[in-house]
Amino acid sequence: QVQLVESGGGLVQAGGSLRLSCAASVRTFSNYVVGWFRQAPGKQREFVAGIRSNGGSTSYADPVRGRFTISRDNAKNTVYLQMNSLKPEDMAVYYCATGLPGEGYKYWGQGTQVTVSS
């Protein structure tokens, strides 16, 4: 069982930045694929960014590419999502999720709220 704890959400003005953190309870977190997802009120949860195990390749949804950066610090068992140039449409609850390669996003955090004021 892997437990994930997100932090770093909050209120920011449009154009501002936030950095979300996702801390995992396992010391082998570097072996896990990690993704960030978000869900806005009345909308389905959507993929935002992902990073392969052992600091491998990254991927981004089109709406955030060039503004968001996903990274990981394996020594701290933590994955980050740096969000720059935030827009009101980025406002959502952000979740991190993880799993070993091949098993999908099996474990989910509780989410952190990001609010962007215009």
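Before I begin, one cut-off is needed: a residue is called buried if its relative accessible area is under 20%, exposed if that area is over 50%, and partly exposed in between. Please also keep in mind throughout that what you see above is a predicted model.

Let me start with the overall build. The protein chain has zero helices and 11 strands, and so, read along the sequence, its pattern is β-β-β-β-β-β-β-β-β-β-β. The radius of gyration is 13 Å, close to the 13 Å that the globule rule gives for 118 residues, so the chain is as compact as a globular protein of that length. Along the principal axes, the C-alpha atoms fill a box of roughly 40 × 25 × 25 Å. Of the 118 residues, 45% are buried, and the chain exposes about 6,100 Å², of which carbon and sulfur atoms supply 46%. If we take the contacts between residues at least 6 apart in sequence, 54% of them join residues at least 24 apart.

Now to the aromatic residues. How many aromatic pairs does a search of the whole structure find? It finds four. One of these pairs is made by phenylalanine 37 and tyrosine 105, whose rings meet edge-to-face, at 5.1 Å centre to centre and with 80° between the planes. This pair links distant parts of the chain, since phenylalanine 37 belongs to strand E4, residues 33-39, while tyrosine 105 is in the loop between strand E9 (92-99) and strand E10 (107-108), 68 residues apart.

Are the two partners buried or partly exposed? Phenylalanine 37 has a relative accessibility of 11% and therefore counts as buried, whereas tyrosine 105, with a relative accessible area of 30%, falls between the two cut-offs and is therefore partly exposed.

Phenylalanine 37 has a further partner in tryptophan 108: the ring centres are 4.8 Å apart and the planes stand at 50°, so this pair is tilted. Because phenylalanine 37 lies in strand E4 and tryptophan 108 in strand E10, the pair ties together parts that are 71 residues apart in sequence. Tryptophan 108, at 30% relative accessibility, is partly exposed. With Phe47 added, the picture is complete, for Phe37, Phe47, Tyr105 and Trp108 form one aromatic cluster.

Two arginines also sit over aromatic rings. Arginine 45 lies over the face of tyrosine 95, at 5.8 Å from the ring centre, and the charged end of arginine 19 is placed over the ring of tyrosine 80, 4.1 Å from its centre.

Arginine 19 brings us to the pairing of strands, where it stands opposite glutamine 82 in E8. E3 and E8 pair in the antiparallel sense over six bridges. On strand E8, residues 78-83, five of the six residues are buried, so that the strand is mostly covered. Strand E7, residues 68-73, likewise pairs with E8 in the antiparallel sense over six bridges, and within that pairing arginine 72 has valine 79 in E8 as its bridge partner. The hairpin of E7 and E8 has four residues between the strands, and in it asparagine 77 takes a positive phi near 50°.

What does serine 21 contact, once its neighbours within four places in sequence are left aside? Serine 21, which is in strand E3, residues 18-24, touches Val5, Glu6, Ser7, Trp36, Thr78, Val79 and Tyr80. At 16% relative accessibility, serine 21 counts as buried.

My last stop is valine 2, in the segment before strand E1 (4-7). Its relative accessibility is 5%, and valine 2 therefore counts as buried. Leaving aside neighbours within four places in sequence, valine 2 is in contact with Ala24, Ser25, Val26, Tyr32, Thr98 and Tyr107. The C-alpha atoms of valine 2 and alanine 97 are separated by 9.8 Å, although the two residues are 95 residues apart along the chain.

To close, I would ask you to look once more at phenylalanine 37, a buried residue that belongs to one aromatic cluster with Phe47, Tyr105 and Trp108.

Note on methods: Residues numbered from 1 in each chain as written. Predicted model: local features only at pLDDT ≥ 70, side-chain atom pairs only at ≥ 80, totals over all residues. Heavy atoms only, no water. Phe/Tyr/Trp six-rings, centres within 6.5 Å; stacked < 30°, edge-to-face > 60°. Helix = DSSP H or I, 4+ residues; strand = E, 2+ residues; numbered from the N terminus. Buried < 20%, exposed > 50% of the residue type's maximum accessible area, 1.4 Å probe, protein only. Lys NZ or Arg CZ within 6 Å of the ring centre and 35° of its normal. Rg over C-alpha atoms; globule rule 2.2 N^0.38 Å. Contact = heavy atoms within 4.5 Å. Areas by Shrake-Rupley, 256 points an atom, 1.4 Å probe, with all protein chains shown as cover. Pairing = 2+ DSSP bridges.
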